[in-house]
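Visitor: I am new to this structure. Please pick one part, look at it closely, and then show me what else there is.

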Amino acid sequence: MRFGPRAALAVGLLRLCLAQANFAPHFFDNGVGSTNGNMALFSLPEDTPVGSHVYTLNGTDPEGDPVSYHISFDPGARIVFSTDPNFGNITLVEELDREREDEIEAIISISDGLNLVAEKVMILVTDANDEVPRFIQEPYIVQVPEDIPAGSSVFKVHAVDKDTGSGGSVTYFLQNMQSTKFAMDHHSGVLRLQAETTLDYEKARAHFVIVVAKDGGGRLRGADVVFSATTTVTVNVEDVQDMAPVFVGTPYYGYVYEDTVPGSEVLTVVAMDGDRGKPNHILYSLLNGSDGAFEINETSGAILVTQSPAQLQREVYELHVQVTEVSSPGIPAAQAMVPVTIRIVDLNNHPPTFYGESGPQNRFELSMYEHPPQGEILRGLKITVNDSDQGANAKFNLRLVGPGGIFRVVPQTVLNEAQVTIIVENSAAIDFEKFKVLTFKLLAIEVSTPEKFSSTADVMIQLLDTNDNVPKFTSHYYIARIPENAPGGSNVVAVTAVDPDTGPWGEVRYSIYGSGADLFLVHPSTGIICTQPWASLDAEATARYNFYVKAEDTEGRYSMAEVLITLLDVNDHYPQFGKSIQEKTMVLGTPVKIEAIDRDAEEPNNLVDYSITHAEPANVFDIDAHTGEIRLKNSIHSLDALNNVTCNRDYTWSLEVQAKDRGSPSFSTTALLKIDIINTEMLSQSPMDTFLMQMKDNPMKAVGVLAGIMAIIVATTVLISTATFWRNKKSNKVLPVRRVLRKRPSPATQAVHIEWLKFNRTKAASKFVLREDPPNENCNNNSLGSPPVPRAPAPPPPPTMVPSVGAAPWTVPTVSGSLTPLQPQQSPKPKALESPIQPALVSELRQKFEKKSIANKTYF
């Protein structure tokens, strides 16, 4: 079969294209669970160590060309993996955290050098048991009435574990189930009162239940681990009206002496509401047994004799005193009754004696919590005092000898026998942190007898601690200093707060607050304040920080102190000269000054010393190391003396100056300074010279002066044109046109003039215009006479390249200088490479003016 010419050409081109085609490479898809291929459905545990080889990219090229592998991530995403381009090995470079990021999106690519194939893959992060259960909404404090039924729910705690599966399930337990009245539901976290158990405010006003939250366990870094956390539930028991009144100091014995006056007090019965949380008022009454010989005060409980002892029919009277609580309407009033024995005696042959539960006793001990409520009775003390005499002989007083104002004894006056009751009078003084043990002497001394029999008993009270103190810092202010170059995480200062309480109440946690605390953090237990790991301090930006540190105990009691941190300056800035290029002109006898600024915050780091590091010749200049003033050596007083030192006829010098700070280590900056020297006498010969010299160091000022002159000329021209226009308009006359004829200079003169300008064209020549009056031998420069008529200017002859021996003396040279910072790898150009024509245009113009004495000449 034959093809035509065109068909054959097309077939040839097709074969050529197929021969040159290059097919793209591709990844192998090895399926789920494979550790090589295209990472399809690839998952990785979150506890995989950083640096682990986790996967191998694998693919091929149809032509068999070598391939390279790459992995990338979206902008802004974390770079979690890195890959070996040759072997495709993928390495974990960032720590994984499933609770923060459970999926990682990446782009893998394979290339044969000509074709690039990219695929987006999703890597799943699987869970490991790395989270600890955490209780929420702490602290747990609950108020429960004492009459709550047994088995009732008291409180519900809740802990959260961010893990999944068994590691995220939480169960609850009580730490000490044998010594508690409560039970815990393992799954719901509900705290209940145990069955057949009741609460009693009078026995225990608070219960502290420790709850443990434990997760279900799981794998972490190849091992089975179980995490747990604990918290304390404080159950405060509230008092309810469930107790009858209680008599204090029973049994009651009273004595009536033969000389007792009717209406005298025999003894006082004391009763208190058994519910000490919310006590009711008490009323006293006599039921029977008095036979009209005694009566009782309804509110105080004092029993009075109403008859003379001679009228009393019995030796012993048995009275019954009833107390009744004053309760709210509709609520039954609680009552109690006590017998009171009153004897009629008149002998005094026994001293008062103290008795305990087992007989006579002179030492009593008790343990109690600090700061009991005001009016609390020390129930643990079972003390009875008795005087076996009768009547007034058995009447004695009781008092406590020891720290005053803390307790009071009831009754204070006893007749024959009484139960001794000690009542709290000053709760604040009963402080465990001040006294671990309170010791008193109980003194009983007869009142009316001549013998004044007495006896004593020691009372020792062992105090138990409660959480009654606020953590206090050792200082109200903490002042610290830290270098500004301290790395992140550096320790700054350690604060200390002391909580005198014992046990968990004495544990202190620290935290910091305030606008200046952003760059710092405090260890919650040790109180060490350090800089944030990412903090970068700069004394030049902010030299001082102040914030507050808070010390808090487990129940939220806290105090605060102020922290003042000062950054110590470190020499971290180089001195810098004010301008990159600066020219200096020195008037003979007057110094020039250079200045460099060091941006360090404190001395001596920001103090700069100056020196001349290089000068040719080296014996021309001196520099003040502190002010930067550069002067000629003391031996140089004139330009002639300067000529004797150096052959530099243009009076221009290049100095290498150095600015060095006084820090440690010290930094320095070196710069090149060009200085021109002029004579003050020559400078003062003409105001124009002075102006030009001033403008030399400040070209912008010259531009401003010229712009001002031009603005005045334009304004004057506008005013004149406007006045002329209105004058012509009013006169209605047509004025002839005025023409100004100017004489053109001869071609030869113009050529000489232009050639001379080309020879003397410098940078300064394009900026200044110099005009001089002709010298007048008959008058000075300040003459008020009329100036001569100006003549056409004639150009001077071209200047010679080499000055002749008999040339006129040098007058006013002006040369701009520069202060140029040196580059580290560059050196200033040698003097021999500079242009031989260094004198300024002004100097040459003045020489021509003096030679030719041409008046009113202007050169452009």
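Guide: Y513 is partly exposed, at a relative accessible area of 40%; that class runs between buried (under 20%) and exposed (over 50%), with a 1.4 Å probe and protein chains only. The model is predicted: local features need pLDDT of at least 70, side-chain atom pairs count only at pLDDT 80 or more, while totals for chains, interfaces and linings use all residues. Residues are numbered from 1 along each chain as its sequence is written, and side-chain values use heavy atoms, without hydrogens or water.

Y513 belongs to strand 45, residues 509-513; strands are DSSP runs of E with at least two residues, numbered from the N terminus. Together with Y548, Y558 and M560, Y513 forms a nonpolar surface patch with about 420 Å² of accessible area. The area comes from the Shrake-Rupley method with a 1.4 Å probe. Such a patch joins nonpolar side chains within 5 Å, in residues with over 30% relative accessible area and no salt bridge, that is, no Lys or Arg side-chain nitrogen within 4 Å of an Asp or Glu carboxyl oxygen.

Now the interior. The largest nonpolar core (buried nonpolar residues joined through side-chain atoms within 4.5 Å) has 30 residues, and V269, F294, I303, V340 and I342 have the most contacts inside it. Strand 30 gives the most to this core, 5 residues. Leaving aside neighbours within four places in sequence, F294 is in contact (heavy atoms within 4.5 Å) with residues including V256, L286, Y317 and I342. Another core, of 29 residues, lies apart, and I406 and V459 are among them.

Methods
Patches are made of residues with over 30% relative accessible area and no salt bridge: like charges are joined within 9 Å, nonpolar side chains (Val, Leu, Ile, Met, Phe, Trp, Tyr) within 5 Å. Helices (H or I, at least four residues) and strands (E, at least two) are DSSP runs, numbered from the N terminus.
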